[in-house]
Structure formats: structure tokens, C-alpha cells
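Reader: I have a structure open and would like to talk it through slowly. Could you help me read it?

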Amino acid sequence: MTDKAKKALHDKLVSELQSSDSKIVTKSINQLREEGQLEDIVILFDLLVKSTDEEVKNTILKFLADIKDKNADLIFIEAILNEEYKSIQKELAGICWQSSIDFTKHVSVFTDLLIKSDFETAFEAFTVIENFTGKIESDIKIEEQDKLKDAIPNAPEEIKGMIHECIHILDQF
């Protein structure tokens, strides 16, 4: 397939994501698995926020969890920190621990989520931290542990246990 044909196909798939027919949208999402580009992830975030169709949402979440490109970590982190995507923050954090991408270098984002979020989002952030595979620099580890310790007195009861456990988990890195 020529570059021009690839671009035409890609443009068609992206435009089909705006369809009111959920079958067309899910088909296009699945085709993006093969023909998509890294920057399409943001289009899927937008669609996830706007869509009311559960099949479309589930298709997007499965697609996002399957992303293996190590460069996608920044796209996910930027979305988690973006107020525009606050309504899907829990889902985005969940994708971070389900994917094969290592988010270890973004430890502060997940400790902040653990401290500042509702229980479900905090649990997803805790699970991301639990699944880290990389090495955390000792000064960053100490800084994050101190932040977690400082948060304990004001944390909701249901989150305090996760904060304590997270402090111990960070010791392992």
C-alpha cells in the first residue's frame, strides 16, 4: 500500500470514529490497531469521554490496554493530568497497570493520584505502583514516601491502608 493510500485509509478510519453508528465506530477502532498512529490515542481519549455506548467504550479500553509502544507513556500521563479527561482518569490509570508499558518513571503522578483521588481511582493508582518494573532513584523514592507519609493524617480511612502499603512497596525499588 502506498503512503498516500495509507493516509487516505487512516483519515477514513479517524472520520468514521465520529459516526453515530456504534458498529462503524467499533470497526474503525479495531482497524486502527493495524493502521493507527501513536497520536490517535488522544482521539480515542476524546471519544471515550464523549461516548455513551458501552460497546464503544469497552472496545476503546481494550485497544488502549493493548498498546505496547513504550513512547505512549507520556501520552497517558498527559491525559491523566489533563482536567479535560478527569471523567476517565480512573480508566486511564487502570490501563496503565494493565498495559505492558512501564510507568515507573512517573511514580509521582501515581502517588498524587493515590493521595488526592476517590477510592476507585486511588486503587487503580495503587495497582500501577504495585506493578512497577523499573528502578526508582533513591532520592525520588524518599521524596514520594515522605509525600505519602505526610498525606496519611488527612487521607480518608479507606485510602490510608493503601498509602501505608504503598510506602512499603516503594522500599522494594
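**How the two domains meet**

Author: This is a predicted model, and a good place to begin is the contact between its two parts: domain 1 and domain 2 bury about 510 Å² between them, with 86% of that area on carbon and sulfur atoms.

Reader: Which residues of domain 1 lose the most area to domain 2?

Author: Those are Leu48, Leu61 and Ala65, which together make up 63% of what the domain 1 side buries. Helix 3 (40-50) and helix 4 (54-65) each supply at least two residues of the side of domain 1 that touches domain 2, and the residues of that side divide into 6 nonpolar, no polar and no charged.

Reader: And how many salt bridges go across the interface of domain 1 and domain 2?

Author: The rule finds 0 salt bridges there, and the count of residue pairs in polar contact between domain 1 and domain 2, with both at pLDDT 80 or more, is also 0.

Reader: Where are the domains along the chain?

Author: Domain 1 covers 1-66 and domain 2 covers 88-172, and their C-alpha centres lie 30 Å apart. The contact takes 6 residues from domain 1 and 6 residues from domain 2.

Reader: Stepping back, how many helices and strands does the chain have?

Author: The secondary structure comes to 10 helices and 0 strands, and the C-alpha trace spans about 55 × 30 × 20 Å along its principal axes. Of the 173 residues of the chain, 46% count as buried. If you take the contacts with a separation of 6 or more, residues 24 or more positions apart account for 69% of them.

Reader: OK, salt bridges next. How many does the structure hold?

Author: The structure holds 7 salt bridges. One of them joins Arg33 and Asp66, where the closest N and O atoms are 2.8 Å apart. Arg33 lies in helix 2 (residues 22-35) and Asp66 in the loop between helix 4 and helix 5 (73-81), so this pair ties together parts that are 33 residues apart in sequence.

Reader: What is the relative accessible area of Arg33, and how does Asp66 count?

Author: Arg33 has a relative accessible area of 35% and is partly exposed, and Asp66, at 39% relative accessibility, counts as partly exposed too.

Reader: What about Lys105 and Asp73, how do their side chains meet?

Author: The side chains of Lys105 and Asp73 meet in a salt bridge, at 3.5 Å from N to O. Lys105 lies in the loop between helix 6 (89-98) and helix 7 (107-116) and Asp73 lies in helix 5, so the pair ties together parts that are 32 residues apart in sequence.

Reader: Are they buried or exposed?

Author: Lys105 counts as exposed, at 65% relative accessibility, whereas Asp73 is buried, with a relative accessible area of 4%.

Reader: Which other residues of helix 5 are buried, and what do they pack against?

Author: Besides Asp73, the buried residues of helix 5 are Ile75, Phe76, Ile77, Ala79 and Ile80. The buried residues of helix 5 pack against helix 3, helix 4, helix 6 and helix 7.

Reader: And which residues are buried in helix 6?

Author: In helix 6 they are Gln89, Leu92, Ala93, Gly94, Ile95 and Cys96, and what covers them includes helix 3, helix 4, helix 5, helix 7 and helix 8 (119-130).

Reader: Back to salt bridges for a second: where do Glu157 and Lys160 lie?

Author: Both lie in helix 10 (residues 157-171), 3 residues apart, which is about one turn of the helix. Their side chains meet in a salt bridge at 3.1 Å from N to O, and Glu157 counts as exposed at 61% relative accessibility. Elsewhere, salt bridges that share partners join Asp112, Glu144 and Lys147 into one network.

Reader: Last one: I clicked on Ser117. Where is it, and is it buried or exposed?

Author: Ser117 sits in the loop between helix 7 and helix 8, and Ser117 is buried, with a relative accessible area of 14%.

Reader: What does the side chain of Ser117 reach, and which residues does Ser117 touch?

Author: The side chain of Ser117 reaches the backbone oxygen of Leu113 at 2.7 Å. Not counting residues up to four places away in sequence, Ser117 touches Gln89, Ala122 and Ile159.

Notes. Residues numbered from 1 in each chain as written. Predicted model: local features only at pLDDT ≥ 70, side-chain atom pairs only at ≥ 80, totals over all residues. Heavy atoms only, no water. Domains from an automatic or database assignment. Contact = heavy atoms within 4.5 Å. Buried area = accessible area lost by both parts, 1.4 Å probe. Salt bridge = Lys/Arg side-chain N within 4 Å of Asp/Glu carboxyl O. Polar contact = N/O pair within 3.5 Å; in protein donor to acceptor, adjacent residues only side chain to side chain. Helix = DSSP H or I, 4+ residues; strand = E, 2+ residues; numbered from the N terminus. Nonpolar A, V, L, I, M, F, W, Y, C, P; charged D, E, K, R; others polar. Buried < 20%, exposed > 50% of the residue type's maximum accessible area, 1.4 Å probe, protein only.
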